Amino acid sequence: MGLQDRNEKLFYRVLTSDIERFMPIVYTPTVGTACQHYGLTFRRPRGLFITVHDRSHIPTLLQSWPEKDVRAVVVTDGERILGLGDLGCYGMGIPVGKLALYTACGGMPPQHCLPVMLDVGTDNTELLKDPLYIGLKHKRVRGQAYDELIDEFMKAVTSRYGMNCLIQFEDFANVNAFRLLSKYRNKYLTFNDDIQGTAAVAVAGLLAALRITKSKMSDHTIVFQGAGEAAMGIAELIVMAMEKEGLPHEACLRKIWMVDSKGLIVKGRSYLTHEKERFAHEHAQMKNLEDVVQDLKPTAIIGVAAIAGAFTQRIIKDMASFNKRPIIFALSNPTSKAECTAEQCYNLTEGRGIFASGSPFDPVTLADGRTFYPGQGNNAYVFPGVALGATACAMRHITEDIFLTTAETIAQLVTEHDLAEGRLYPPLCRIRDVSFRIAVKVTNALIHYFCEVFCILVN
């Protein structure tokens, strides 16, 4: 960050010179540590800090930002930073890091990108006692005041920079993420990376895995460890992919099972949210993930609950006993929250496991000499390309179809050589090309949509 402050061009030159080496520094897993110690390392502000006490003055604050041409905004309120929980204002490291990748991976000029922290307080008692904490030192403001802040912010951004300015929501808690996406997705050019970006990169990995298993998406039964934003986003996109193969919607839903903090999500269980109810099935209640896996015998397990070690030795060995090529995705970030390591997966499955993780793992060499290169399900494969395409063609809304198209594009760019090495994603050294191809697909999707609308109007 010191280099970025001194010489921004040199910063991006260094970053793009070896993106595979430097990505873990500006993004996961290092960005999580950076956020935890943000107050200690804070030297000068990057991005725009807006507090709940700035209501009715947000347009004035945006007018003070020196750049007049902003194409993309990444905004967070810091309540759910990776798997680390409520970090309040320290979460500003996430929008800053994300937008660095907009430039490094997507080629967007850095002056067109604006990181924003909406400071409404924090419920993290350690931060409230921290003398270095840079944010508001009171409990989180919720309810009407919170909603009014978000509403004013969305209107102010589009008033200042236009309706074609992309607003990416990042690391909002479940209680707000789904409803804000639902509220704004058809009004503004916006998406939630934790829900939709994670979904696209996970489904891309699954589509690549299908080339190894020689099967269709609809052939698989999938168990999720976790039922939050990421799990719901991935599940919805999997359903879309299965429907595209011709499976009826209700049958698609029955292929997906979820386990949350209270156990298996089943019909009749109390206190289920609307999102969880869609994936609740008739089944006996079960609390232990090991028992769930033994009973359901899934072909794929996906971890997105930030519970380190959730995929135990028994679970991994059971998956290997049920399946010739078990699919095991430990997607929680940072590395310390991963459900299992790449080494555990490959060793316990004797190299038959198809593995992907959210944070990077080193290559694994087995006793027989085979070396595997774990696939990293990194959202950086998704959001730079989607943002580049959306801003380049001045889209007004981003539909779910865009994210399925993105997933398919990423999977198509995985070579047979990559698959043989255990990679489910293109090497990070090719990520700029991946972003460009996604942007082209997004643009083509918009052109196709307008052609269909034109034909309907003409006829």
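In the predicted model, Glu170 has a relative accessibility of 2% and therefore counts as buried, the limit for that class being under 20%. The position of this residue is the loop that runs between strand S4 (166-169) and helix H10 (174-184). Leaving aside residues up to four places away in sequence, Glu170 is in contact with Val74, Val75, Thr76, Asp77, Ile94, Lys98, Asp193 and Asp194. In addition, a polar contact of 2.7 Å joins the side chain of Glu170 to the side chain of Gln168.

Asp171 is likewise found in the loop between S4 and H10, and with a relative accessibility of 1% this residue also counts as buried, because the value is under 20%. With residues up to four places away in sequence again left out, the contacts of Asp171 are Thr76, Asp77, Gly78, Glu79, Arg80, Ile81, Leu82, Ile94 and Asp194. Asp194 thus appears among the contacts of Glu170 and among those of Asp171.

These three residues, Glu170, Asp171 and Asp194, are covered by the annotation "binding site" in an unreviewed UniProt entry. Although they are spread over 25 residues of sequence, they cluster in space, with a largest C-alpha distance of 6.6 Å. Glu170, Asp171 and Asp194 are included in the lining of the largest pocket.

The UniProt record (unreviewed entry) also places the feature "binding site" at Arg80, Asn333 and Asn378, and the lining of the largest pocket takes in Arg80, Asn333 and Asn378 from this set. Arg80 is located in the loop between strand S2 (72-76) and H7, and its relative accessible area of 24% makes it partly exposed, since this class lies between 20% and 50%. Beyond residues up to four places away in sequence, Arg80 touches Gly85, Asp171, Phe172, Ala173, Asn174, Asp194 and Glu229, a set that includes Asp171 and Asp194 of the annotated acidic positions. A polar atom of the Arg80 side chain lies 2.8 Å from the backbone oxygen of Leu82. Asn333, for its part, is in the loop between strand S10 (327-330) and helix H17 (342-348), where it touches Thr28, Leu82, Gly83, Gly358 and Ser359, residues up to four places away in sequence not being counted.

The largest pocket itself has a volume of about 830 Å³ and is lined by 43 residues, of which Arg80, Ala230, Val304, Ala305 and Ala306 lie nearest its centre. At least two lining residues come from each of helix H11 (193-213), helix H12 (229-244) and strand S7 (256-260), and H11 gives the most, with four residues. Sorted by class, this lining holds 16 nonpolar, 16 polar and eleven charged residues.

The second largest pocket contains about 640 Å³ of space. Its lining is formed by 23 residues, and those closest to its centre are Met1, Gly2, Gln4, Ala34 and Val96. Helix H1 (2-6), helix H2 (8-17), helix H3 (19-26), helix H4 (30-36), helix H5 (38-41) and helix H7 (93-106) each supply at least two residues to the lining of this second pocket. Its composition by class is 14 nonpolar, five polar and four charged residues.

How values were computed:
Residues numbered from 1 in each chain as written. Predicted model: local features only at pLDDT ≥ 70, side-chain atom pairs only at ≥ 80, totals over all residues. Heavy atoms only, no water. 1 Å grid on protein atoms, 1.4 Å probe; cavity = no way out; pocket = protein on both sides within 12 Å on 5 of 7 lines; lining within 4 Å. Points joined across faces, edges and corners; volume = space filled by probe spheres on them. Nonpolar A, V, L, I, M, F, W, Y, C, P; charged D, E, K, R; others polar. UniProt positions renumbered as here; feature names shortened; annotations may be inferred. Buried < 20%, exposed > 50% of the residue type's maximum accessible area, 1.4 Å probe, protein only. Contact = heavy atoms within 4.5 Å. Polar contact = N/O pair within 3.5 Å; in protein donor to acceptor, adjacent residues only side chain to side chain.
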